[in-house]
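Please look through the sequence and the fold shown here before reading the notes beneath them. The report is written for a reader who is new to protein structure.

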Amino acid sequence: METFLKVSKKYFNNNLKPLEILILSQIEEFINNGRDCYVTNKQFAQMFNVTEPTVDKALDRLEQLNYIRRMTNFISNRGQASKMRQLVLVNPVKKDFEWSL
């Protein structure tokens, strides 16, 4: 079964690169489904068939352009602390909001 990623039109007029648009759309999909985004660079690389350094550059640029923020969370599991990176949209748009070009 194929899965599709909904890509919002709102990202197309902002001089973003295709991978940056895909990453933003994936983060937004998590948020729209009521979940936080803990996708790793390796997972993004596998999803979009690129290298991890390419993902890291895209995330750096998205953060510099103030689209996302990377937060480090520490989660305790049976006395062991795990470090997880959460990706957060800086200015998320409501799910039912429509943009027109």
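What follows describes a predicted model, taking one helix, two buried residues and a set of salt bridges in turn.

## Helix H1 and what covers it

Helix H1 covers residues 18-32. With 15 residues at 1.5 Å a residue, H1 should span 21 Å, and because its end C-alpha atoms are 21 Å apart, the expected span and the computed one agree. After H1 comes Gly 34, a residue whose phi is positive, near 75 degrees.

Many positions along H1 are hidden from the surroundings: Leu 19, Glu 20, Ile 21, Ile 23, Leu 24, Ser 25, Gln 26, Ile 27, Glu 28 and Phe 30 are buried. Among the elements that cover these buried residues are helix H2 (41-48) and helix H3 (52-64), together with strand S1 (68-77) and strand S2 (80-89). As background to reading such a list, an α-helix has 3.6 residues a turn, so residues three or four places apart point the same way.

## Leu 16, just ahead of the helix

Leu 16 belongs to the segment before helix H1. Its relative accessible area is 11%, and because buried means under 20%, Leu 16 counts as buried.

Which residues is Leu 16 in contact with, once its neighbours within four places in sequence are left aside? They are Tyr 11, Ile 21, Leu 24, Arg 61, Leu 62, Leu 65 and Tyr 67. Two of these partners, Ile 21 and Leu 24, are also listed among the buried residues of H1. Arg 61 is 45 residues from Leu 16 along the chain, and the C-alpha atoms of the two are separated by 9.2 Å.

## Gln 86 in strand S2

Gln 86 is a residue of strand S2. With a relative accessible area of 10%, Gln 86 is buried, because the limit for that class is under 20%.

Where does the side chain of Gln 86 make a polar contact? The partner is the side chain of Asn 73, at 2.9 Å. When residues up to four places away in sequence are not counted, Gln 86 touches Asp 36, Cys 37, Tyr 38, Arg 69, Arg 70, Met 71 and Asn 73. Arg 70, one of the residues in that list, returns below as a member of a salt-bridge network.

## Salt bridges

How many salt bridges does the structure hold? There are five. One of them joins the side chains of Lys 10 and Glu 28, with an N to O distance of 2.5 Å. This pair links distant parts of the chain, since Lys 10 sits in the segment before H1 and Glu 28 in helix H1, 18 residues apart. Both Lys 10 and Glu 28 are buried.

A second example is the salt bridge between the side chains of Asp 56 and Arg 70, at 3.5 Å from N to O. Asp 56 lies in helix H3 and Arg 70 in strand S1, so the pair ties together parts that are 14 residues apart in sequence. Arg 70 also meets the side chain of Asp 60 in a salt bridge, here with an N to O distance of 2.4 Å. That pair again links helix H3, which holds Asp 60, with strand S1, which holds Arg 70, across 10 residues. The relative accessibility is 31% for Asp 56, 31% for Asp 60 and 23% for Arg 70, and each of these residues is described as partly exposed. Together with Glu 63, the residues Asp 56, Asp 60 and Arg 70 are linked in a network of salt bridges.

Note on methods. Residues are numbered from 1 along each chain as its sequence is written. This is a predicted model: local features need pLDDT of at least 70, side-chain atom pairs count only at pLDDT 80 or more; totals for chains, interfaces and linings use all residues. Side-chain values use heavy atoms; hydrogens and water are left out. Helices (H or I, at least four residues) and strands (E, at least two) are DSSP runs, numbered from the N terminus. Buried means under 20% relative accessible area, exposed over 50%, partly exposed in between (1.4 Å probe, protein chains only). Contact means heavy atoms within 4.5 Å. The expected span of a helix is 1.5 Å times one less than its number of residues. A polar contact is a pair of N or O atoms within 3.5 Å; within protein, one must be able to donate a hydrogen and the other to accept it, and residues adjacent in sequence count only if both atoms are side-chain atoms. A salt bridge is a side-chain nitrogen of Lys or Arg within 4 Å of a carboxyl oxygen of Asp or Glu.
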